[in-house]
Amino acid sequence: MSFFRRTLASFAAAALVAGAAIAQQTPPKPSPVPRPVVPEAPVPPPPDVDGKSWVLMDYTTGQILASKDPELQVEPASITKIMTDYVVSAELGNGRIKMTDPVTISEHAWRGGGAGTDGSTSFLKLNSQVPLKDLLYGMIIQSGNDAAIALAEHSAGSEEAFANLMNAYAKQLGMTHSHFMNASGYPIPDHYTTAQDIAVLSRALIHDFPEDYAISAIKQFEWNGIKQGNRNTLLWRDPSVDGIKTGHTAAAGFCLAASAKQGDSRMIAIVMGASSEKARADSAMALLNYGFRFYETHKLYDADKPLATPKLWKGQADTLSLGISQPLDVTVKRGQYDKLKATLDIPATLVAPFKKGQQVGMLRVTLDNQPLQSVPLVVLDEAPQGGFFKRLWDSILLWFHGGKKDDAAATAPATDKK
């Protein structure tokens, strides 16, 4: 091959290699399409629902998310039976009564809540014996006044004594604006409650007695050959609703305590004094939907984990481990979690000894300078006194210390939100 041909062949081969290299190169990525900046989503005010008073509560935290006249004292009608249910469930839990107990239907229960009255009834027969479990179902599902009275008499000996039990349990639960005179909700002077107190009671019932609470989700119950449906129409409207109780008298209006669970979130809506059965159901459903749509609950801190380790004087250890005894959750409007601020209020000087569980300060959570939660800071481990020389030396240092806060952990914002 001539020099010219060899040279030409070399150029051709080089061109092929270069072409292949060019073909294998990755083209540059196109510029990303600019996305619009999404403004912070506003949260609308709660719906304007029908009712003299109402409350929307988050179950996990117990926070009131929205309300109208929550402490207005009103007649509760058959909403009273939530309190009756709680007391009977507590007495069952304490072993004083049993689900299998035969309960005699007295003349008072028969006349005061039976078929001859204008109120709701389970149609119990005079002097008959009914298992306590069936009475509980009849009271919760059918709203039987006769069943409520019979349960009260069996649990406490008389309805009057049972009303005293109701008020005692109400006081324990912090229902500060309620007073009960009977088990059924029959209108009587000095028998009243508030929407907020019923929310507190409903939350306690769900938490303390989940098996008994589950009865309120049953849609119908038959006794004495008569089948009656649950008066809470939301059970048919929304599968997330699983309780709680309706009520109605001419004076009280239409009342409804409702609760629903979606995922890990549960809401409680209390509507007192609505204008109709449909209005109370629509109002409670609107409140529940509002809570699920516009609020979210976060766990901030676990229990029994140190949140601060301030200086400990005259102790065997040099620091004191502080935390909370129960997990701390907080409910906020969606999108506002990052605005939460947590601070620790701890005394300037902590001198041993301290007992495990002893309160020595407060953990406070705020949003836009408004308080959301305040829980006690407690000692996580026993903190006994140190030896003689340790106490002596710390006494000298304390004289120079003068009560100053010298531990940043005692006052710095708690930043380990989850």
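**Exercise 1. Decide whether Asp242 is buried or exposed, then look at its salt bridge.**

Step 1: Asp242 has a relative accessibility of 18% and therefore counts as buried; buried means under 20% relative accessible area, exposed over 50%, and partly exposed in between (1.4 Å probe, protein chains only). This is a predicted model, in which local features need pLDDT of at least 70, side-chain atom pairs count only at pLDDT 80 or more, and totals for chains, interfaces and linings use all residues. Residues are numbered from 1 along each chain as its sequence is written, and side-chain values use heavy atoms, with hydrogens and water left out.

Step 2: The side chain of Asp242 meets that of Arg266 in a salt bridge, 2.8 Å from N to O. The term stands for a side-chain nitrogen of Lys or Arg within 4 Å of a carboxyl oxygen of Asp or Glu.

Step 3: Asp242 belongs to strand β7 (residues 241-249) and Arg266 to strand β9 (residues 265-274), so the pair ties together parts 24 residues apart in sequence. Helices (H or I, at least four residues) and strands (E, at least two) are DSSP runs, numbered from the N terminus.

Step 4: Arg266, at 8% relative accessibility, also counts as buried.

**Exercise 2. Work out how far apart Glu107 and Arg111 are in helix α3, and how accessible they are.**

Step 1: Glu107 and Arg111 form a salt bridge, with their closest N and O atoms 2.6 Å apart.

Step 2: Both sit in helix α3 (residues 107-113); they are four residues apart, so about one helical turn separates them.

Step 3: Glu107 is partly exposed at 44% relative accessibility, while Arg111 is exposed with a relative accessible area of 55%.

**Exercise 3. Classify the ring pair of Tyr137 and Phe221.**

Step 1: The search of the whole structure finds seven aromatic pairs. Rings of Phe, Tyr and Trp (its six-membered ring) pair if their centres lie within 6.5 Å; planes under 30 degrees apart count as stacked, over 60 as edge-to-face and the rest as tilted.

Step 2: For Tyr137 and Phe221 the centres are 5.6 Å apart and the planes stand at 45 degrees, so this pair is tilted.

Step 3: Tyr137 lies in helix α4 (residues 132-141) and Phe221 in strand β5 (residues 220-223), 84 residues apart, so the pair links distant parts of the chain. Tyr137 and Phe221 are both buried.

Step 4: For contrast, try Tyr290 and Tyr295: at 6.0 Å centre to centre and 65 degrees between the planes, they form an edge-to-face pair.
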